[in-house]
Amino acid sequence: MNQRIVEKLQSHFADSIVSVNEFREELTIVIKKNDIVKVCQFLRDDDELKFDSLRDVCGADYYRPEGRFEVVYNLYSLKNKFRMRLKVRVEEENVHVPSVTCVWQSADWAEREAYDMFGIIFDNHPDLRRIYMPEGFEYHPLRKEFPLMGIPGSLPLPRKN
Amino acid sequence: MNIPITESQLKILRALENQDTTITFDDPLESDMVLNMGPQHPATHGVLRLIIRLDGETVVAAVPELGYLHRGYEKLAENMSFHEFIPHTDRLDYLSTLANNVAYVLAVEKLAGIEAPRRAQFIRVICAELARLTSHLVALGTMVMDTGAVTILLWAWREREKIQDIQDELTGVRFTTSFTRVGGLAQDMSDASLSMIKDFIQQFPEKLIECEKLVLKNRIFIQRCEGIGVISKEDAISLGWTGPNLRGSGVDHDLRRDNPYLVYNELDFHVPVYNDGDTLARFYVRLQEMRESVKIIQQCLEKMPQGPIHASNPKKVLPRKENIYGKMEELIHDFMIVNFGINPPVGEVYHAIEASKGELGFYIVSKGEGVPWRLKIRSPSFVNLQAMPLLVKGHLISDVVAIIGSIDPVMGEADK
């Protein structure tokens, strides 16, 4: 199945694929950032592959000079009972990624979480707000430079009597 | 019917007409009211906050707000070894702690490339199914209580209490179990816990029928649930729903059967599916799943072999405590694993199990160190809750509690 997915994607989106990787029989394909919606739409609508369920979107901070952040899309095909992962790389200076909420509704909250935790901005997202941290919180806690103990005074806490 | 107007009333009416007064009031059907439900509301099953826009008693729109139980486990995980994170998985879905332990170690084992021995796998299946029973019993009890029947809650919690006692005997604690280890289990199943589980599954189906008799023909309960919170198959798939909620919408999908892990492919069980997609269908799915769980546990007890419960891989699996005191190598391995971690290879894995609420998955990125570089928890409650605005739209405010009960969220998991 892995082979088939790679072949199919390569025949349609040869220019969009950055790299293909397989680890523990799990397929990971890195896609160019601006083509992600196109590729997702194809994977969802293709009659053979039919990745109709987006299980998860999450960010990751690799803390490296180029392509510091990654957005990971976990797809599942109910028809083929099969999983795959898509990834896009995001630069620190330009943290914009096209949103896939137009393809799967489940991307909504997951992208809000990635925005909250990493500061990755999803363009065309209907309601991009923080989901866990309070509005007005300045930092993005899952970035590697954010200290584990938090930043004193950054969260408004109720006053002790 | 004409009521004759008295002289004094006529006087008042004339006075009003002369003075050009207009009585204005807001029409309750045209002006909306915003109601803040939660985070401290008993029917929201934890600290879920719903901001609901009401038109009279009908819900026009709803916005769920999360984060009241956010403890930043994903950040914590990046700062502790793989073993140290096991107790934290208990606090995710705190109603099915054992299933979380199993899901997490399976992901770590996949990353490290080790496999637990067969006996451990059977015990893990028993653990996961016991966790499903505890979780579904709470879902059953609280949902029925939210619609007005208190008896079932007490009866369901009586059964749940027996499972807590089993957990006490099996793992040493009643609630926060932390039972699994990478490559095995904390301890073997004792004869006492084995006989407790046997006794429990012997009497449980009868007790379940007793509970069912109270609700299945209860007109109040049926009318409060039937046709409420309907979600179509397509929406449920697009929203990323999994588990009993998805199966209530007519999608025949169960990770235990479709992508088998542990020893589920050797076990014979049925996946209940209902097509209505309403609150009642989701309730029925959970009810039927409990019967299947009992069947699975029964088969596991029959098929479970004797043998070791730890994989033989000294660099990755913690040695037994009794060996640490007597053998030099074991002492060194224990020191290395506790202080520096198990150092899995560079790579990334995602492993998901069918937990009681749906697909519980862990995505781990490793850079070859003793701590995960990134650990993402894909929690079913978080994804399932996303459908709330869609589900409650157009229903009465009193239906909202029934709908929350039917999708069975646990905020410890949704907020992570």
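This report walks through the contact between chain A and chain B, then the cavities and pockets, in a predicted model.

## The contact between the chains

Start with where the two chains meet. Chain A brings 44 residues to the contact and chain B brings 49. Together they bury about 3,900 Å², with carbon and sulfur atoms giving 53% of that area. On the chain A side, the residues that lose the most area to chain B are Arg55(A), Trp109(A) and Tyr132(A), and together they make up 20% of what that side buries.

As for polar links, there are 28 residue pairs in polar contact between chain A and chain B, counting pairs with both residues at pLDDT 80 or more. Which elements of chain A give two or more residues to the side that touches chain B? They are four strands, E2 (26–31), E3 (53–61), E4 (69–77) and E5 (82–90), plus helix H3 (107–118). E3(A) supplies the largest share, at nine residues. By class, this side of chain A has 23 nonpolar residues, six polar ones and 15 charged ones.

## Salt bridges

Over all chains, the structure holds 48 salt bridges. The count between chain A and chain B is 10.

If you want one to pull up in the viewer, try Glu348(B) with Lys87(A), where the closest N and O atoms sit 2.9 Å apart. Glu348(B) belongs to strand E6 (residues 346–354) of chain B, while Lys87(A) is in strand E5 of chain A.

## The largest cavity

Now for the enclosed spaces. Searching the whole structure turns up three cavities of 30 Å³ or more. The largest cavity holds about 60 Å³ of space.

Both chains help to line the largest cavity: chain A gives Arg55(A), Asp56(A), Ser106(A), Ala110(A) and Glu113(A), and chain B gives Lys376(B), Ile377(B), Arg378(B), Ser379(B), Phe382(B), Val383(B) and Lys416(B). Two or more lining residues come from each of E3 and H3 in chain A, and from strand E8 (374–378) and helix H15 (380–385) in chain B. E8(B) has the largest share, with three residues. The lining splits into four nonpolar, two polar and six charged residues. Arg55(A) turns up here again, having already been listed among the residues of chain A that lose the most area to chain B.

## The second largest cavity

The second largest cavity has about 50 Å³ of space. Its lining is made of Tyr94(B), Leu95(B), Ser96(B), Thr97(B), Ala131(B), Thr134(B), Arg160(B), Gln164(B), Gln167(B) and Phe175(B). Helices H5 (118–146) and H6 (151–171) of chain B are the elements that give two or more residues to that lining.

Which of the elements gives the most to the lining of the second largest cavity? That would be H6(B), with three residues. The lining of the second largest cavity has four nonpolar residues, five polar ones and one charged one.

## The largest pocket

On to the open spaces. The largest pocket comes in at a volume of about 840 Å³. It has 26 lining residues, and those nearest its centre are Arg24(A), Glu26(A), Lys110(B), Pro260(B) and His351(B).

At least two lining residues come from each of E2 and E5 of chain A, as well as helix H4 (97–112) and E6 of chain B. E5(A) makes the largest contribution, four residues. Recall that E5 of chain A and E6 of chain B are also the strands that hold Lys87(A) and Glu348(B). Sorted by class, the lining of the largest pocket has 11 nonpolar, six polar and nine charged residues.

## The second largest pocket

The second largest pocket offers about 640 Å³ of space. There are 28 residues in its lining, with Met133(A), Phe137(A), Pro141(A), Leu155(A) and His70(B) nearest the centre.

H3 of chain A and helix H2 (73–77) of chain B each supply at least two residues of this lining. H2(B) gives the most, with four residues. Class by class, the second largest pocket is lined by 18 nonpolar, five polar and five charged residues.

Terms used:
Residues numbered from 1 in each chain as written. Chains lettered and ligands numbered in written order. Predicted model: local features only at pLDDT ≥ 70, side-chain atom pairs only at ≥ 80, totals over all residues. Heavy atoms only, no water. Contact = heavy atoms within 4.5 Å. Buried area = accessible area lost by both parts, 1.4 Å probe. Salt bridge = Lys/Arg side-chain N within 4 Å of Asp/Glu carboxyl O. Polar contact = N/O pair within 3.5 Å; in protein donor to acceptor, adjacent residues only side chain to side chain. Nonpolar A, V, L, I, M, F, W, Y, C, P; charged D, E, K, R; others polar. 1 Å grid on protein atoms, 1.4 Å probe; cavity = no way out; pocket = protein on both sides within 12 Å on 5 of 7 lines; lining within 4 Å. Points joined across faces, edges and corners; volume = space filled by probe spheres on them.
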